[in-house]
Amino acid sequence: MRAAANDPNTGALGEALETGPFDHALALAIAAHGLSLMRLKHRLDTAGCPVSITTLSNWRAGRNLPERPGSLRAVPVLERVLGLPDGSLTTLLSRGVAQTKPARPEAVRWDRLWDRRSLVIPTLHSFEAAHDTALLAEYVHDELHVDENRLLRRAKVREIVRACEAEAQVKIVTMRGMRAGRPPRLVATRFCRPGRVETSHDDGFTVAELVLEDWLDEDETAIVEYEFEYTDTVSDTYFDRRFRHTVANYVLEVHFPEHVLPVSCVAYRKDTPTGPELDLARVPIRPGTPSHLVKAALPAGICGLRWAWED
């Protein structure tokens, strides 16, 4: 053990324990004690307060702070292992949480986004993860393909998700066919695997769990990709997404066959299914290029494109 760790009340470490912030004091204490993160993790594991190396690294770098009950129990153990005065890191932590904790985006209720008479509402409520907001989408890119019969055939999706707390792993996705009895099928995933999948044939919905390859620590991000296949038998004229919280970036692109193009395409947003269309904007239709919309800081609600095949 190094001399600086034996006397944390002097020098830069002593000042950091007085003034903070938490991550600066923790980084100095770890350096002064001469412990690697692997050895520090082992000490915490032995004391019955397991913390991953990634989490310790995030705490030391100030990317996030201990907040969950298990993490909070580890802070006094850190003080003992690093030879710090009792309560020193805990006090800095209480200040830091108040000063630096970003507000989690507020999530609206599912029944604000879907018709309350729809069977998709009870289906969603039957999923435990449907009520969890620990894993939030920051970026969503929908790529749709319409065939020469004017039918939607594929929806390929790429998302970047961020964990708002540790041990986040599951997200819920919902897709809808153009008419009842035709729910889309989840046919492919990448960087995740399908969990429970339920269909509502009467409403044409599919609700699916996507399970990440590993648990995410707080503030950690992951990429997920998935694809739905459609079996619609009537011409599709719109596609929209339901977002429970503000999304930093949303991209929706629709690919039409060059020789079968709609006569018009409009981007829209709605706060509720029965509410008025907002932010209406004409979208160009050009052979060989997808019609698309791009939204930044998109608020909770409904956003999509609708198109017309005839005047």
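How many bridges join strand β10 to strand β13? Keep that in mind while you get set up, and remember that what you have open is a predicted model.

**Stop 1: a pair of strands**

Select residues 264–270, which is β10, and residues 301–308, which is β13. Here is your count: seven bridges join them, and the two strands run antiparallel. To see one pairing up close, click on A267 in β10 and then look across to L305, its bridge partner in β13.

**Stop 2: the rest of the sheet**

Now add β8 (238–243) and β11 (278–282) to your selection. You should have a four-stranded open sheet, in the order β8-β13-β10-β11, with antiparallel pairing. Take a look at the edges: β8 and β11 each have a single partner strand, so one side of each has no neighbour in the sheet. Turn the sheet and you can follow its twist, which averages 10° from one strand to the next.

**Stop 3: the largest cavity**

Hang on to β8, since it also helps line a cavity. A search of the whole structure turns up two cavities of 30 Å³ or more, and the largest has a volume of about 550 Å³. To find its centre, select W110, I172, T174, R241 and R242, the residues that lie nearest to that point among the 33 in the lining.

Next, show β1 (135–146), β2 (152–163) and β3 (168–176) together with β8; each of these supplies at least two lining residues. Which strand gives the most to this lining? That's β3, with seven residues. Try colouring the lining by class: you'll get 19 nonpolar, four polar and 10 charged residues.

**Stop 4: the second largest cavity**

This cavity has a volume of about 60 Å³. Select T55, W59, N64, L65, P66, E67, R68, S71, A166, D217 and E218 to see what lines it. By class, that lining divides into four nonpolar, three polar and four charged residues.

**Stop 5: two packed helices**

Keep W59 selected, because it takes you to α5 as well. Show helix α3 (residues 22–33) and helix α5 (residues 53–61), whose axes are 6 Å apart. Are they roughly parallel or roughly perpendicular? They pack at an angle of about 115°, and are therefore roughly perpendicular to each other.

Finish by zooming in on the contact: F22, D23, L26, A27 and I30 in α3 meet W59, R60 and A61 in α5. Six of the residues in this contact are nonpolar, none are polar and two are charged.

How values were computed
Residues numbered from 1 in each chain as written. Predicted model: local features only at pLDDT ≥ 70, side-chain atom pairs only at ≥ 80, totals over all residues. Heavy atoms only, no water. 1 Å grid on protein atoms, 1.4 Å probe; cavity = no way out; pocket = protein on both sides within 12 Å on 5 of 7 lines; lining within 4 Å. Points joined across faces, edges and corners; volume = space filled by probe spheres on them. Nonpolar A, V, L, I, M, F, W, Y, C, P; charged D, E, K, R; others polar. Axes fitted to C-alpha atoms, helices over the stretch in contact; angles between N-to-C directions. Parallel < 35°, antiparallel > 145°, perpendicular 65-115°, else oblique. Contact = heavy atoms within 4.5 Å. Pairing = 2+ DSSP bridges.
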